[in-house]
Amino acid sequence: MPYIAYVARIVRGSALEVLNTAYIRTARAKGLSTYRILLHHALRPSLAPVVSFLGPTTAGVITISIVVETVFGLPGIGRFFVTGALNRDYTLVLGITSSTAH
């Protein structure tokens, strides 16, 4: 939830930047509707910064959830991760880490 405002700000800034490019002006000059310009020409390039922000953010949220599960004793993947780290079960720790990074 805390990242929604930041993502919206990134989308807005990126969309404004994309809407000032030459190919958007060309699409307007062709007479395309604003909806079509936004959907077909401006959406994909304006989402690139959002995708690059959401990768590390997702990893951070999952890491925080592992810590919260462990601190409050909730059942979940966090307990397995901490148990594996304390028992030096490297295969388990790497498996959990690689599954949360994707």
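Student: What percentage of the chain's exposed area do carbon and sulfur atoms supply?
Tutor: This is a predicted model, where local features need pLDDT of at least 70 and side-chain atom pairs count only at pLDDT 80 or more, while totals for chains, interfaces and linings use all residues. Residues are numbered from 1 along each chain as its sequence is written, and side-chain values use heavy atoms, with hydrogens and water left out. Accessible areas come from the Shrake-Rupley method with a 1.4 Å probe; for residues, only the protein chains shown count as cover. The chain exposes about 7,600 Å², and the share from carbon and sulfur is 67%.

Student: How many helices does the chain have?
Tutor: Helices (H or I, at least four residues) and strands (E, at least two) are DSSP runs, numbered from the N terminus. The elements run α-α-α-α-α from that end. Strands number zero, and helices number five.

Student: What is the radius of gyration of the chain?
Tutor: This radius is taken over C-alpha atoms, and the globule rule is 2.2 Å times the number of residues to the power 0.38. The C-alpha trace spans about 65 × 25 × 15 Å along its principal axes. A compact globule of 102 residues would come near 13 Å, but this chain has 21 Å.

Student: Is Ser14 buried or exposed?
Tutor: Ser14 sits in helix H1. Buried means under 20% relative accessible area, exposed over 50%, and partly exposed in between (1.4 Å probe, protein chains only). Ser14 has 9% relative accessibility, so it counts as buried.

Student: Which residues does Ser14 contact, leaving aside neighbours within four places in sequence?
Tutor: Contact means heavy atoms within 4.5 Å. With those neighbours left aside, Ser14 touches Pro45, Ser46 and Pro49.

Student: Which residues form the largest nonpolar core?
Tutor: A nonpolar core is a set of buried Ala, Val, Leu, Ile, Met, Phe, Trp, Tyr and Cys residues joined through side-chain atoms within 4.5 Å. The largest has six members: Val18, Leu19, Ile24, Ala27, Ile37 and Ala42.

Student: Which helices each supply at least two residues of this core?
Tutor: Ile24 is one of the core residues. Beyond neighbours within four places in sequence, Ile24 contacts Val18, Leu19, Ile37, His41 and Ala42. The helices that each supply at least two core residues are H1 (4-19), H2 (22-30) and H3.

Student: What is the relative accessible area of Val68?
Tutor: Val68 belongs to helix H3 (residues 34-72). Val68 counts as partly exposed because its relative accessible area is 35%.
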